[in-house]
Amino acid sequence: MGSLTPVETTSDGNFISTRLDALINWGRKNSLWPMPMGLSCCGIELMAMIGPKFDIARFGAEAARFSPRQSDLMIVAGTLTWKMAQAARLIYDQMPEPKWVIAMGVCSSSGGMYDSYAVVQGVDSILPVDIYVPGCPPRPDSVIDAILKLQKKIERESPTKKFFSGEAFVDERGSQALLYQPNAAVKRSSLDLSPHDPRTGSKNAPEPAKQDG
Amino acid sequence: MERVRTALEGCRFEQRSTSDGIPAFGVSREDLHEVLQRLRDRADFVAVTFVTAVDRYPSEPRFELHHQLFSLIHEDRVRVTTELSEKDAKAASCVDLWPGAAFMERECYDMFGIRFEGHENLRRLLMPEEYGHHPLRKDFPHAGIEPDRLYRKWDRERRKNWDPSRAGGAK
Ligand code: SF4
């Protein structure tokens, strides 16, 4: 059960009590639905990873969704060009919170060997990346390792704290995401719209948003 | 090639040497369309393999425009070369002869800035439309000129026009 350490167990074992954070994180990390952003050769390894031989179903991440509305893990697999960057950013924006990003391969981590006018030199200049996977292409095992590392990272998050402090809909990593908010009434000024610089780690802490309604 | 010579009877052209053995002919820009039409109609070159260019920067005339044609019946190829100067990088379009050349001419325009007269839809093919440079020219820097400028502009405008009351807000 991983992070879901029972705080208290009754003698007949029919229910456990635990922290809400741990329960939510346990659910989130074991049902990551990837959005396979297969842009070039790395996409082939991504398919191998989803297929039966490597089988990420073992880690609950096999439900690859081609609709951003239904996915919460974007795997950028391949060379992102500046022309494609707009599409990638729109797809990221359409994914509902919570969402994570894995940069698979050197191309998406740093531009790789394509030091050229057409290629984005690292997707972290347009998206907040959680895990970088080196390799050209990385073996499927490395990407599975990245997913396991991401699960560890998710375990450390604190969704309830975010929720009760009124920041539930603000991306705490400083992403400028246009968030999915049905009937949203969040004031524009309360959202952090300043760009996040992943290299210096600087981010403007958003003010707590008032949730009216 | 005898067939080509008969087809080009009366046109001005010079034979060029090539290292791959494909016969190549240099023609002037004014004769280009006439030569291509004759090769198609009289010498059975029914397919165009590619339309591309070579940048000979800094020598002048700077560009060499290459049309490579293929004959399905005789299974042979021929190449037609036209030299274009930098100031006046224009040539006649061959879309009326081979509709499939449209994309190749667009790419050639995108990468070298050679304009094809008579092409109805001469827009950039690979680079963003407002991009002001031609990347395959030899004086274009390897790492590009502000490659992210158009994305950043798009991103700024998107955020400026963002309406938080619309779910998702993506547009
Ligand atoms: S990292 Fe290598 S395998 Fe992956 S997209 Fe780039 S060039 Fe292709």
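**View 1. Asp44(B) is found in the loop between α2 and β3 of chain B.** Helices (H or I, at least four residues) and strands (E, at least two) are DSSP runs numbered from the N terminus. The structure is a predicted model, in which local features need pLDDT of at least 70, side-chain atom pairs count only at pLDDT 80 or more, and totals for chains, interfaces and linings use all residues; side-chain values use heavy atoms, with hydrogens and water left out. Residues are numbered from 1 along each chain as its sequence is written, while chains are lettered from A and ligands numbered from 1 in the order in which they are written. Asp44(B), although not a glycine, has a positive phi of about 65°. Its relative accessible area of 25% makes Asp44(B) partly exposed (buried means under 20%, exposed over 50%, partly exposed in between; 1.4 Å probe, protein chains only). Glu75(B), in the loop between β4 and β5 of chain B, also has a positive phi, near 55°. At 65% relative accessibility, Glu75(B) is exposed.

**View 2. Two cis peptide bonds precede Pro137(A) and Pro61(B).** The bond from Cys136(A) to Pro137(A) has omega near -5°, and Pro137(A) lies in the loop between β6 and α5 (140-155) of chain A. In chain B, the bond joining Glu60(B) and Pro61(B) has omega of about 5°; Pro61(B) belongs to the loop between β3 and β4. Most residues other than glycine have a negative phi, and most peptide bonds are trans.

**View 3. The largest nonpolar core holds 38 residues.** Such a core is a set of buried Ala, Val, Leu, Ile, Met, Phe, Trp, Tyr and Cys residues joined through side-chain atoms within 4.5 Å. The members that touch the most others are Leu36(B), Leu39(B), Val51(B), Leu65(B), Leu69(B), Trp98(B) and Ile114(B). Two or more residues come from each of α1 (2-7), β2 (24-27), α2 (32-42), β3 (47-55), β4 (63-71), β5 (76-84) and α3 (101-112) of chain B, and α3(B) gives the most, with 5 residues. Leaving aside residues up to four places away in sequence, Leu39(B) touches Val4(B), Leu8(B), Asp44(B), Phe45(B), Leu69(B), Val78(B) and Val80(B) (contact means heavy atoms within 4.5 Å). Apart from the largest core lies another, of 21 residues, among them Met49(A), Ala61(A), Met104(A) and Leu150(A).

**View 4. Cys94(B) and Cys108(B) carry no disulfide.** The count over all chains is 0, a disulfide being a pair of cysteine sulfur atoms within 2.5 Å. For Cys94(B), the nearest cysteine sulfur is that of Cys108(B), 10 Å away. Cys94(B) is buried at 0% relative accessibility, and Cys108(B) is buried at 3%.

**View 5. Aromatic pairs number 5 over all chains.** Rings of Phe, Tyr and Trp (its six-membered ring) pair if their centres lie within 6.5 Å; planes under 30 degrees apart count as stacked, over 60 as edge-to-face and the rest as tilted. Tyr117(A) and Phe140(B) form an edge-to-face pair, 5.4 Å centre to centre with 90° between the planes, which crosses between chains. Tyr117(A) is buried at 17% relative accessible area, as is Phe140(B) at 12%. Tyr151(B) and Trp154(B) form a tilted pair, with ring centres 5.4 Å apart and planes at 40°. These two residues lie 3 residues apart in helix α4 of chain B, and are therefore separated by about one helical turn. Ring pairs link Trp82(A), Tyr151(B) and Trp154(B) into a cluster.
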